[in-house]
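Open the model in your viewer and keep the selection panel handy. We will move from one stop to the next, choosing something to highlight each time and looking at what surrounds it.

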Amino acid sequence: MSPKGLGWIIIDSLDTMMLMNLTEPLAEARKWLHRELTWDQDQDVNTFETTIRMMGGLLSAHYLSTQLPDISSKRDSVYLAKAIDLADRLLAGFESQSGIPYASVNLGKKVGIQSHADGGASSTAEAATVQLEMKYLSHLTGNDVYWRRAEKVIEVLDAQKMEGGLLPIFVHAEYGVFTTREIRLGSRGDSYYEYLPKQYLQTGESIYLDMWNEALEGMKSHLITETKHSKLKFVAELPLGVGDTLSPKMDHLVCFLPGTIALAATQGRTLAEARKSLEWTEQHEEDMNLAAELMKTCWGMYAVTETGLAPEIAWFEAADDDLKPDLGSRRWRRTSNSLRNWKKDFIIKPLDAHNLQRPETVESLFMMYRITGDNMYREWGWKIFQAFQKHTKTTFGDGYTSLEDVRTVPPKTRDNMESFWLAETLKYLHLLFSSEDYMPLTEVVFNTEAHPLPRFTPQGNLKTGWMRMPR
Ligand code: DMJ
């Protein structure tokens with residue numbers, strides 16, 4: 001990405017090495033960070049990607065180095081120092097009129113840069129997925145500037161009072177208004193929703209739980225429908241916004257949702273524990289059922305293909321009636337568990353048939369397993385792992401690669417490995433088969449790049465600085 005390198009793969013995989021106790025490559029990585037890495041480079045970077053992967057990676061490495069004494073000395077400040085330097089550069093991205101971050105930042109010049117595409121708008125998911133990282137940094141340093149910039153974004157988005165808490169996927173950084181009506185939980189929408197309950201879990205701020213509850217109801221009323229033959233539940237898209245016809249398409253990216261629904265319902269406890277709590281309601285049971293149904297569909301994205309790996313995007317056979325606006329009042333039909341029926345419902349188009357070794361399904365499997373204890377989730381995860389082993393290993397066995405098409409065996413390979421394969425997919429698979437008390441969901445919250453950060457009680461002036469306007 002830049003002549004001097006930004007350590008993209010190295011930093012994104014630091015905490016994976018820590019969690020897997022890979023001490024030798026970790027020592028090498030740390031040495032490189034200490035001696036070579038500089039953020040003072042005349043380089044444009046994506047504000048969101050750099051926050052979730054680089055800041056998230058460094059902050060998590062800092063946190064784990066205080067928790068796992070065998071892998072590092074407690075007084076090791078290199079990760080935190082690099083995170084602070086980076087964050088102070090990324091703050092330039094928030095210097096817009098509205099407080100919505102620009103799509104990019106020049107690290108050396110410390111200036112924000114509006115997107116060169118999409119009419120200059122930033123994507124909603126990108127703007128609204130920096131909060132866990134910025135707030136943890138405020139907690140660590142006592143400097144509230146990161147916290148304030150991060151929460152301002154959510155205040156601006158929420159002030160638009162979108163129906164059902166469902167937000168269009170582009171927002172203008174200067175004017176702070178949405179520039180499209182298109183709504184989806186896949187690309188450009190996804191992690192806005194993921195960070196609502198996670199912000200609540202991280203700091204206990206109830207405003208974000210309210211927003212999540214509203215958005216989840218909105219999804220049930222306007223986005224979640226079922227397939228024609230097997231009645232698998234899926235999250236459709238609204239190209240023209242709420243009140244218009246649904247498009248029967250679901251990105252693999254949406255598969256963060258089952259795990260997130262279960263996490264929000266139980267607050268990271270096991271289902272058995274959560275059910276004992278006084279706040280547990282029929283609504284939470286319903287949410288857990290929804291999580292299980294969507295999990296099945298995400299597993300289906302793998303189970304129906306020849307390679308056993310999911311395409312980037314799936315389309316579904318669905319009855320016209322099930323794509324009409326306002327689905328809230330409909331009754332769901334029983335889902336078939338027959339693979340033959342599932343196959344009739346999945347449509348994979350040639351341009352959507354690639355696989356980037358994405359994590360979302362195994363991420364949700366990890367959360368579902370930790371929460372429900374149901375072994376089926378480990379079994380599905382194991383099959384997915386085996387399929388990755390079989391089809392994505394490079395010819396000489398020295399790495400892994402993305403695939404061109406999951407529908408043919410052997411699949412044509414690409415020549416690319418995304419850093420989230422190391423940061424997320426392998427980490428979540430590892431944790432799926434680790435002991436339940438390793439990185440417990442009651443103590444940590446994973447950022448959207450799978451970097452575990454601690455849940456904490458904010459001190460001093462670190463508290464919610466805004467209120468929702470009446471709907
Ligand atoms: C990751 O960078 C993050 O999980 C992000 O939220 C979505 N895209 C990739 C993985 O698919």
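Start by selecting Leu 201 and showing its contacts: beyond four places in sequence, Leu 201 touches Leu 263, Gln 267 and Arg 455. Keep in mind throughout that this is a predicted model. Leu 201 lies in helix 9, and its relative accessibility is 7%, so Leu 201 counts as buried. Now add Leu 441 to the selection: 240 residues separate Leu 441 from Leu 201 along the chain, yet their C-alpha atoms are 9.6 Å apart.

**Helix 9 against helix 11**

Next, colour helix 9 (190-203) and helix 11 (257-266). Their axes come within 10 Å and cross at roughly 30°, which makes helix 9 roughly parallel to helix 11. Turn the view until one helix lies over the other, and you are looking at a left-handed crossing. To see the contact itself, show the side chains of Glu 194, Pro 197, Lys 198 and Leu 201 in helix 9, which meet Thr 260, Leu 263 and Ala 264 in helix 11. By type, the residues of this contact between helix 9 and helix 11 divide into 4 nonpolar, 1 polar and 2 charged.

**All around helix 11**

Stay with helix 11 and ask: how many of its residues are buried? The count is 10 of 10, so helix 11 is mostly covered. Among the buried residues are Leu 257, Gly 259, Ile 261 and Thr 266. To find what covers the buried residues of helix 11, switch on its surroundings, which include helix 9, helix 10 (206-222), strand 7 (233-235), helix 12 (271-276), helix 13 (282-303) and helix 15 (360-372).

Then step just past the end of helix 11 to Gln 267. What is the sign of phi at Gln 267? Phi is positive, near 55°, in a residue other than glycine. Gln 267 sits in the loop between helix 11 and helix 12, and you have already met Gln 267 as one of the contacts of Leu 201.

**Two more backbone stops**

Select Met 439, in the loop between helix 17 and strand 11 (444-446). Here too is a residue other than glycine with a positive phi, near 55°. With a relative accessibility of 8%, Met 439 counts as buried.

Now go to Val 409 and Pro 410 and look along the peptide bond that joins them: this bond is cis, with omega about -5°. Pro 410 belongs to the loop between helix 16 (375-392) and helix 17 (419-432).

**Helix 7 and its partners**

Highlight helix 7 (131-141) together with helix 8 (145-158). Their axes come within 7 Å and cross at roughly 155°, and helix 7 and helix 8 are therefore roughly antiparallel to each other. This crossing is left-handed. Side chains to display on helix 7 include Met 134, Leu 137 and Thr 141, and on helix 8 they include Tyr 146, Trp 147 and Val 153. The residues of the contact of helix 7 with helix 8 comprise 8 nonpolar, 3 polar and 2 charged.

Leave helix 7 on and swap helix 8 for helix 5 (78-90). Helix 5 and helix 7 pack at about 120°, with axes 11 Å apart, so they are oblique to each other. Their crossing is left-handed. Leu 80, Ala 83, Ile 84 and Ala 87 of helix 5 make this contact with Leu 137, Leu 140 and Thr 141 of helix 7. The contact residues divide into 6 nonpolar, 1 polar and no charged.

**Two loops to finish**

Select His 172, in the loop between strand 5 (170-171) and helix 9. Is His 172 buried or exposed? At 8% relative accessibility, His 172 counts as buried. Draw a distance from a polar atom of the His 172 side chain to the backbone nitrogen of Glu 174, and it comes to 3.2 Å. Beyond four places in sequence, the residues that His 172 touches include Ser 98, Gln 114, Gly 119 and Val 177.

Last, go to Lys 228, in the loop between strand 6 (224-226) and strand 7. Its relative accessibility is 39%, so Lys 228 counts as partly exposed. Leaving aside neighbours within four places in sequence, Lys 228 is in contact with Glu 317, Ala 318, Ala 319 and Asp 345. Of these, Asp 345 is 117 residues away along the chain, while the C-alpha atoms of Lys 228 and Asp 345 are separated by 6.6 Å.

Terms used
Residues numbered from 1 in each chain as written. Predicted model: local features only at pLDDT ≥ 70, side-chain atom pairs only at ≥ 80, totals over all residues. Heavy atoms only, no water. Helix = DSSP H or I, 4+ residues; strand = E, 2+ residues; numbered from the N terminus. Buried < 20%, exposed > 50% of the residue type's maximum accessible area, 1.4 Å probe, protein only. Polar contact = N/O pair within 3.5 Å; in protein donor to acceptor, adjacent residues only side chain to side chain. Contact = heavy atoms within 4.5 Å. Axes fitted to C-alpha atoms, helices over the stretch in contact; angles between N-to-C directions. Parallel < 35°, antiparallel > 145°, perpendicular 65-115°, else oblique. Left-handed = near helix turned anticlockwise from the far one by under 90°. Nonpolar A, V, L, I, M, F, W, Y, C, P; charged D, E, K, R; others polar.
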